[in-house]
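Welcome, and please load the coordinates in your viewer of choice. We will go from the whole chain to single residues, one selection at a time.

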2 protein chains.
Amino acid sequence: MFTGLSAFPLTPVTRDGIDETSFAGLVERLAVAEVDSITALGSTGSYPYLNREERFRVAQRAVEHAGDVPVIVGVGALRTRDVLELAADAQKVGASGVLLAPVSYQALTEDEVFGLYEDVTAELSVPLVVYDNPGTTHFAFTDELYARIAELPNVASIKIPGVPADPDEAEGRVCGLRALLPSSVTIGVSGDPLAATGLNAGCHAWYSVLGGTLPEPAVAITRAARAGDTATAVVESERLRPLWELFRRHGSLRVVSAIAELVGLVGHPNLPRPLRGLPDADRAAVANAVERLELGLRAGPGATA
Amino acid sequence: MFTGLSAFPLTPVTRDGIDETSFAGLVERLAVAEVDSITALGSTGSYPYLNREERFRVAQRAVEHAGDVPVIVGVGALRTRDVLELAADAQKVGASGVLLAPVSYQALTEDEVFGLYEDVTAELSVPLVVYDNPGTTHFAFTDELYARIAELPNVASIKIPGVPADPDEAEGRVCGLRALLPSSVTIGVSGDPLAATGLNAGCHAWYSVLGGTLPEPAVAITRAARAGDTATAVVESERLRPLWELFRRHGSLRVVSAIAELVGLVGHPNLPRPLRGLPDADRAAVANAVERLELGLRAGPGATA
């Protein structure tokens, strides 16, 4: 379950609450595209902005609409008590795994983060993905901490924030990390622009923002890389360079939110305030990229582009 | 209300929930020490770790036990909807003002932060303090944004994250900022180690971590500076240098948590997990500083030191 493409769908949030119908549609698309897993309530799914009841409903809908595809549910929160409740909820609705980031307000120490994973894994009966996302959590894992946490029960995968751009350096990085971890723990790359590089370097999985909204190109990259066809993975990723540039400039969430709107998958607004969608000028650049890359056409029958 | 010393008490969190009795004791001490205002549920009060019901109770207790001292209540949250609910709750229990930081998970743009303050101030009937705390929110205000937000209705004060250490530069900074803001909006310094410098440079208020646990030395510094006795303010602050060093090394929250334990104001643990108190070695350094500075003796009848 913790190999291949894990697709992170948006959770569309309107002024009236969560648009569960659009969310179900996003999840069904991912199942049709045969992604390897679906991670609901990741950063792309705006998990920290939602309350417990909302997160329960979203997790439930994800499991209901994912068909045979396993669903991983993000359970991160600032307080350990809340993480434990969210993990219990995720298991109750049938999640196959949980994803946990060390969300912070006060900066966390290594021992505090280890303690968080220790407290949570002790109560789990499904596998856990360690979510290292320093851009949002403001916590930087060390390799030593990865290794300590990877020894805890139920730890199944580590979502690393990226790899070096140079393929040899990326391979060195992934090899070095694998040597530190039990063989049962997979390494998944995130940071879509370098995902092909990460997969080619030996990462077992891609935890993907783009794959949650436009699964086909992400599936193509993943299948090629996992089959050893590194050249095709690179070509398919390079083709998407205009998107990666937009991700770098605006953050991936705002860009996929705009793409999902453009291709008719969600309405507007779809991000929880105070977050807003991209300003019009930037939205036009996204529309331009989507058109040039013919991503609208690939978006399936619901597409408006 | 938005001048002088605003003291930020801890919210003691035990394994069983909030220790309301100890919290009430902390608030009463502040009223006895004649601080100018009490800010409940600031960063020192662990606001983002608590749920709505807990925050309601803490705000209520603060108002009940503060006597004639005005109470400001922190209403920050990741989602605008939640901030609006928390602000309504704070007003319901009788808060004299609210404090709002632009808490972030996804990095916020200037327009999003302005939009947050616009949405919240539109619904308020008490004054608001803009809380600029980049160390925890990971959002950096520009002076232009201060000025835009200061024009919104109900904005009464800006809590700036610090001033330059050099007194002349600090004065230049505060003068420059005052020129940008309506005269009705006060400037309050935070970052306790440079509070005397900030007050001497013309800041109207000190939003104080230390003052929430050990009000007397903070009152002394504030009174001296506000009376124009800059030398005494500096001497009183310099005397506390061992504490400021500990604040810099461990963050102010963990240090005041340890002090409050040492002088018998709260039990152990008192921080919400995953946060933990200081390790024993660091706790010993805090105990040493408290003893040398005779802060335990100043802590009043409840003190054990």
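## Start with the surface of chain A

Select chain A and draw its surface: about 11,100 Å² is exposed, and carbon and sulfur atoms supply 51% of that area. Keep in mind throughout that you are looking at a predicted model.

Next, colour the charged side chains. Chain A carries 25 positive and 38 negative ones. The centres of these two sets lie 5 Å apart.

Now colour by burial. How much of chain A is buried? Of its 305 residues, 58% are.

## The fold as a whole

Switch to a cartoon of chain A, where you can step through 14 helices and 10 strands. Its radius of gyration is 18 Å, close to the 19 Å that the globule rule gives for 305 residues, so chain A is as compact as a globular protein of that length. If you want a box around the C-alpha trace, its spans along the principal axes are about 50 × 45 × 35 Å.

A contact map is a good companion here. Take the contacts in chain A with a separation of 6 or more: 72% of them involve residues 24 or more positions apart.

## Bring in chain B

Show both chains together. Which operation superposes chain A on chain B? A rotation of 180° with 0.0 Å of shift along its axis does, at an RMSD of 0.0 Å. This is the relation of a two-fold axis.

To find that axis from within chain A, select A:His138: its C-alpha is the nearest to the axis in that chain, at 4.2 Å. Then select the contact residues of chain A, 100% of which recur in chain B, so the same surface serves both copies.

## A stop at A:Trp244

Go back to chain A and zoom in on helix 11, residues 241-250, where you will find A:Trp244. Is this side chain's residue buried or exposed? With a relative accessibility of 4%, below the 20% cut-off, A:Trp244 counts as buried.

Display what surrounds it. Apart from neighbours within four places in sequence, A:Trp244 is in contact with A:Asp192, A:Pro193, A:Leu210 and A:Ser237. For a distance label, pick the C-alpha atoms of A:Trp244 and A:Gly191: they are 9.4 Å apart in space, while the two residues are 53 apart in sequence.

## A glycine in strand 9

Select A:Gly188 next; it belongs to strand 9, residues 186-189 of chain A. A:Gly188 counts as buried, as its relative accessibility is 0%.

Which residues does A:Gly188 touch, not counting those up to four places away in sequence? Show A:Ser157, A:Ile158, A:Lys159 and A:Ile160, then add A:Ala205 and A:Tyr207. One more label to draw runs from A:Gly188 to A:Ala101, 87 residues away along the chain, with 14 Å between the C-alpha atoms.

## Backbone details to inspect

Have your torsion tool ready for this part. Most residues other than glycine have a negative phi, and most peptide bonds are trans.

Begin with the bond that joins A:His268 and A:Pro269, which is cis with omega at about -5°. A:Pro269 sits in the loop between helix 12 (252-262) and helix 13 (280-292) of chain A. Chain B also has a cis bond to look at, between B:His268 and B:Pro269, with omega about -5°. There, B:Pro269 is in the loop between helix 12 (252-262) and helix 13 (280-292) of chain B.

Stay in chain B and select B:Ser46, whose phi is near 55°, a positive value in a residue other than glycine. Its place is the loop between strand 4 (37-40) and helix 2 (52-65), and B:Ser46 counts as buried at 1% relative accessibility.

Then move to B:Asn154, another residue that is not glycine, with a positive phi near 75°. The loop that holds B:Asn154 runs between helix 6 (143-150) and strand 8 (155-160) of chain B. B:Asn154 is partly exposed, with a relative accessible area of 30%.

## Last stop: B:Glu34

Finish in the loop between helix 1 (20-32) and strand 4 of chain B, where B:Glu34 is located. At 56% relative accessibility, B:Glu34 counts as exposed. Draw a final label from B:Glu34 to B:Ala224: the residues are 190 apart in sequence, and their C-alpha atoms are 14 Å apart in space.

Terms used:
Residues are numbered from 1 along each chain as its sequence is written. Chains are lettered from A and ligands numbered from 1 in the order in which they are written. This is a predicted model: local features need pLDDT of at least 70, side-chain atom pairs count only at pLDDT 80 or more; totals for chains, interfaces and linings use all residues. Side-chain values use heavy atoms; hydrogens and water are left out. Helices (H or I, at least four residues) and strands (E, at least two) are DSSP runs, numbered from the N terminus. The radius of gyration is taken over C-alpha atoms; the globule rule is 2.2 Å times the number of residues to the power 0.38. Buried means under 20% relative accessible area, exposed over 50%, partly exposed in between (1.4 Å probe, protein chains only). Contact means heavy atoms within 4.5 Å. Accessible areas come from the Shrake-Rupley method with a 1.4 Å probe; for residues, only the protein chains shown count as cover. Lys and Arg count as positive and Asp and Glu as negative; His and the chain ends are not counted. The place of a charge is taken as NZ of Lys, CZ of Arg, CG of Asp or CD of Glu. Copies are superposed by least squares on the C-alpha atoms of residues with pLDDT of at least 70 in both.
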